[in-house]
Amino acid sequence: MKVSDILRVKGNTLYTVAPDEPLSHAIDAMAEKDIGSLVVMEHGDLVGMLTFREVIQCIVGNDYAVGKTLVRTAMDDHPLTCTLETELDEVRRMMLERHARYMPVMDKRMLMGVISLYDVARAVVDSQNFENRMLKAYIRDWPASDDAQPTAQL
């Protein structure tokens, strides 16, 4: 399974923010839309990722105040990315290694979407459920052997 398969099921809704937006506006947007991340875009380019992790770290670092802090101050400016062709197993490995919960999907320099660890886990579970159904159907329809010999009764 590839990242493109996950995005096809998930859809293509993207939420972005500019790096010079006030962090408070980004927090409001995340709360209003009930999302855990915003892609930080500047002049059409991916420049960072803002997740609830970066927000919390920034707030704690500022004595529990947001004030006039900009998104640029809080964002991860080197986010982990993948492509549409990246295999799901590779995405899982990368996300677990970096403790990343969200990953932008890029096609060259174009943002195609964002996948979350939840999306990855759901794809794995759906795939396993499908495989289980196929195996059970195969076992249920197991062909009878032609050379099966009847058992003798004593």
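# Exercises on strands, sheets and pockets

In strand E5, 5 of the 6 residues are buried, so E5 is largely enclosed by the rest of the structure. Keep in mind as you work that this is a predicted model.

## Exercise 1: the sheet around E5

Work out which strands form an open sheet with E5, in what order, and which of them stand at the edges.

Solution.

Step 1. Start with the order. The open sheet has 3 strands, arranged E4-E5-E6, and its pairing is mixed.

Step 2. Look at each pairing in turn. E4 and E5 run parallel and are joined by 2 bridges. E5 and E6 run antiparallel, with 6 bridges between them.

Step 3. Find the edges. Strand E4 (82-83) and E6 each pair on one side only, which makes them the edge strands.

Step 4. Pick out single partners. Thr-83 has Met-106 in E5 as its bridge partner. On the other pairing, Asp-107 stands opposite Met-110 in E6, and Tyr-102 stands opposite Ser-116 in E6.

Step 5. Follow the chain through the turn. E5 and E6 form a hairpin with 2 residues between them, and Lys-108 in that turn has a positive phi of about 60°.

## Exercise 2: the surroundings of Ser-116

Decide whether Ser-116 is buried or exposed, and list which residues Ser-116 touches beyond four places away in sequence.

Solution.

Step 1. Place the residue: Ser-116 belongs to strand E6.

Step 2. Check its accessible area. Ser-116 has a relative accessible area of 9%; because buried means under 20%, Ser-116 is buried.

Step 3. Collect the contacts. Leaving out residues up to four places away in sequence, Ser-116 touches Lys-10, Met-95, Arg-101 and Tyr-102. Tyr-102 is also the residue that stands opposite Ser-116.

Step 4. Add a distance to a remote part of the chain. Ile-6 and Ser-116 are 110 residues apart along the chain, and their C-alpha atoms are separated by 10.0 Å.

## Exercise 3: the aromatic pair

Find how many aromatic pairs the structure holds, and describe the geometry between Phe-52 and Tyr-102.

Solution.

Step 1. Count: there is 1 aromatic pair in the structure.

Step 2. Read the geometry. The rings of Phe-52 and Tyr-102 are 6.3 Å apart centre to centre, with 90° between the planes, an edge-to-face arrangement.

Step 3. Locate both partners. Phe-52 lies in helix H3 and Tyr-102 in strand E5, 50 residues apart, and the pair thus links distant parts of the chain.

Step 4. Check the accessibility of Phe-52. Its relative accessible area is 35%, and Phe-52 is therefore partly exposed, between the cut-offs of 20% and 50%.

## Exercise 4: the sheet around E2

Say which strands of the sheet E1-E2-E3 have a single partner strand, and why one side of each lacks a neighbour.

Solution.

Step 1. Set out the sheet: E1-E2-E3 is an open sheet of 3 strands with mixed pairing.

Step 2. Identify the edges. Strand E1 (16-17) and E3 stand there with a single partner strand each, so one side of each has no neighbour in the sheet.

Step 3. Examine one pairing. E2 and E3 run antiparallel and are joined by 6 bridges. In this pairing, Ser-37 stands opposite Thr-51 in E3.

## Exercise 5: the two pockets

Describe the largest pocket and the second largest pocket by volume, lining and residue class.

Solution.

Step 1. Begin with the largest pocket, which holds about 280 Å³ of space. It is lined by 17 residues, and Lys-10, Thr-13, Tyr-15, Ile-35 and Ser-37 are the closest to its centre.

Step 2. Assign the lining to elements. Strand E2 (37-42), strand E6 (110-116) and helix H6 (117-140) give two or more residues to the lining of the largest pocket. E2 gives the most, with 3 residues.

Step 3. Sort that lining by class: 9 residues are nonpolar, 6 polar and 2 charged.

Step 4. Turn to the second largest pocket, with a volume of about 180 Å³. Its lining has 14 residues, and Arg-53, Glu-54, Asp-76, Ala-100 and Arg-101 lie nearest its centre.

Step 5. Repeat the assignment. Strand E3 (45-51), helix H3 (52-61) and strand E5 (102-107) each supply at least two lining residues of the second largest pocket. H3 gives the most, with 3 residues.

Step 6. Finish with the classes: the lining of the second largest pocket has 7 nonpolar, 2 polar and 5 charged residues.

Methods
Residues are numbered from 1 along each chain as its sequence is written. This is a predicted model: local features need pLDDT of at least 70, side-chain atom pairs count only at pLDDT 80 or more; totals for chains, interfaces and linings use all residues. Side-chain values use heavy atoms; hydrogens and water are left out. On a 1 Å grid over the protein atoms alone, a cavity is a set of points where a 1.4 Å probe fits but cannot get out, and a pocket is an open set with protein on both sides within 12 Å along at least five of seven lines; lining residues have an atom within 4 Å of a point. Grid points are joined across faces, edges and corners, and a volume is the space filled by probe spheres set on the points. Helices (H or I, at least four residues) and strands (E, at least two) are DSSP runs, numbered from the N terminus. Ala, Val, Leu, Ile, Met, Phe, Trp, Tyr, Cys and Pro count as nonpolar, Asp, Glu, Lys and Arg as charged, and the others, Gly among them, as polar. Rings of Phe, Tyr and Trp (its six-membered ring) pair if their centres lie within 6.5 Å; planes under 30 degrees apart count as stacked, over 60 as edge-to-face and the rest as tilted. Buried means under 20% relative accessible area, exposed over 50%, partly exposed in between (1.4 Å probe, protein chains only). Two strands pair if DSSP finds at least two bridges between them. Contact means heavy atoms within 4.5 Å.
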